[in-house]
Amino acid sequence: FDVDTPKELLADYAARADLILGPMGIVLCDALMGEITERMACAIGRSPAHKVLIPVSRCQVTVAGCERLPATEAVALAAREAARRIREGQHQDEKT
């Protein structure tokens with residue numbers, strides 16, 4: 001999904017997804033400046049898709065045991081991990 005995806009469609013998209021990539025806040029209710037609703041966070045958290053989450057220590061959330069990286073580096077690492085999983089078919093392993 002992207003920023004133009006209506007929030008009410010997110011649960012349907014998340015249920016059918018093979019892989020979800022985004023900041024950690026997508027699984028936290030009221031995260032991302034209140035943009036993530038309870039329904040959205042639950043839909044993503046309950047999705048059978050493998051989640052590649054970008055660690056972001058903000059909004060009263062600390063990611064312990066995770067090296068603080070510049071955002072551009074964290075996004076690049078997450079994108080590489082998602083691409084690797086897609087290439088190797090690992091994004092579907094947990095759904096079957």
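Let me begin with a definition: a residue is called buried under 20% relative accessible area, exposed over 50%, and partly exposed in between, with a 1.4 Å probe and protein chains only. By that scale Cys29, at 41% relative accessibility, is partly exposed, and Cys66, at 31%, is partly exposed as well.

Two remarks on the source. The model is predicted, so local features need pLDDT of at least 70 and side-chain atom pairs count only at pLDDT 80 or more, while totals for chains, interfaces and linings use all residues. Residues are numbered from 1 along each chain as its sequence is written, and side-chain values use heavy atoms, with hydrogens and water left out.

I turn to the overall layout. The protein chain contains four helices and two strands. Here helices (H or I, at least four residues) and strands (E, at least two) are DSSP runs, numbered from the N terminus. Their order, from the N terminus on, is α-β-α-α-β-α. Of the 96 residues in the protein chain, 27% are buried. For contacts, the criterion is heavy atoms within 4.5 Å. Among contacts between residues at least 6 apart in sequence, 64% join residues at least 24 apart.

Next, the strands. Strand β1, residues 19–23, and β2 run parallel and are joined by five bridges; two strands pair if DSSP finds at least two bridges between them. Leu21 has Val52 in β2 as its bridge partner. In a regular strand the side chains alternate between the two faces of the sheet. Strand β2, residues 50–54, shows this alternation: His50, Val52 and Ile54 point to one face and are buried, whereas Lys51 and Leu53 point to the other and are not buried.

Now the interior. A nonpolar core is a set of buried Ala, Val, Leu, Ile, Met, Phe, Trp, Tyr and Cys residues joined through side-chain atoms within 4.5 Å. The largest one has 12 residues, among them Leu10, Ala17, Ile20, Ile26, Ile36 and Ala49. Two elements, α1 (10–16) and α3 (38–46), give two or more residues to this core. The largest share, four residues, comes from α3. Within this core, Ile26 is a useful residue to inspect. Leaving aside neighbours within four places in sequence, Ile26 is in contact with Ile20, Leu32, Ile36, Met40, Ala41, Ile44 and Leu53. A second, separate core of six residues includes Leu19, Ile54, Ala74 and Ala78.

Which residues of α3 are buried? They are Met40, Ala41, Ala43 and Ile44. These residues lie on the same side of α3 because they cover an arc of only 165 degrees around the axis, the arc being that of the directions from the helix axis to the C-beta atoms. The cover over the buried residues of α3 includes α1, β1 and β2. On the face turned away from the buried side, α3 carries the exposed residues Glu38 and Arg46.

Ser47 follows, in the loop between α3 and β2. Ser47 counts as buried, at 6% relative accessibility. Not counting residues up to four places away in sequence, Ser47 touches Ala14, Ala15 and Ile20. The side chain of Ser47 also reaches the backbone oxygen of Ala14 at 2.5 Å. For reference, a polar contact is a pair of N or O atoms within 3.5 Å; within protein, one must be able to donate a hydrogen and the other to accept it, and residues adjacent in sequence count only if both atoms are side-chain atoms.

In the second core, consider Ala74, which is found in helix α4, residues 71–88. Ala74 is buried, with a relative accessible area of 7%. Outside the residues up to four places away in sequence, Ala74 touches Ile54 and Leu69. Ala74 and Pro55 are 19 residues apart in sequence and 7.3 Å apart in space, C-alpha to C-alpha.

Two backbone angles deserve mention. Asp30, in the loop between β1 and α2 (31–34), has a positive phi, near 70 degrees, in a residue other than glycine. Asp30 is exposed, with a relative accessible area of 55%. Met33, found in helix α2, has a positive phi of about 60 degrees although it is not a glycine. At 82% relative accessibility, Met33 is exposed.

Finally, I return to the cysteines. How many disulfides does the structure hold? The structure holds zero, where a disulfide is a pair of cysteine sulfur atoms within 2.5 Å. For Cys29, the closest cysteine sulfur is in Cys42, at 7.5 Å, which is too far for a bond.
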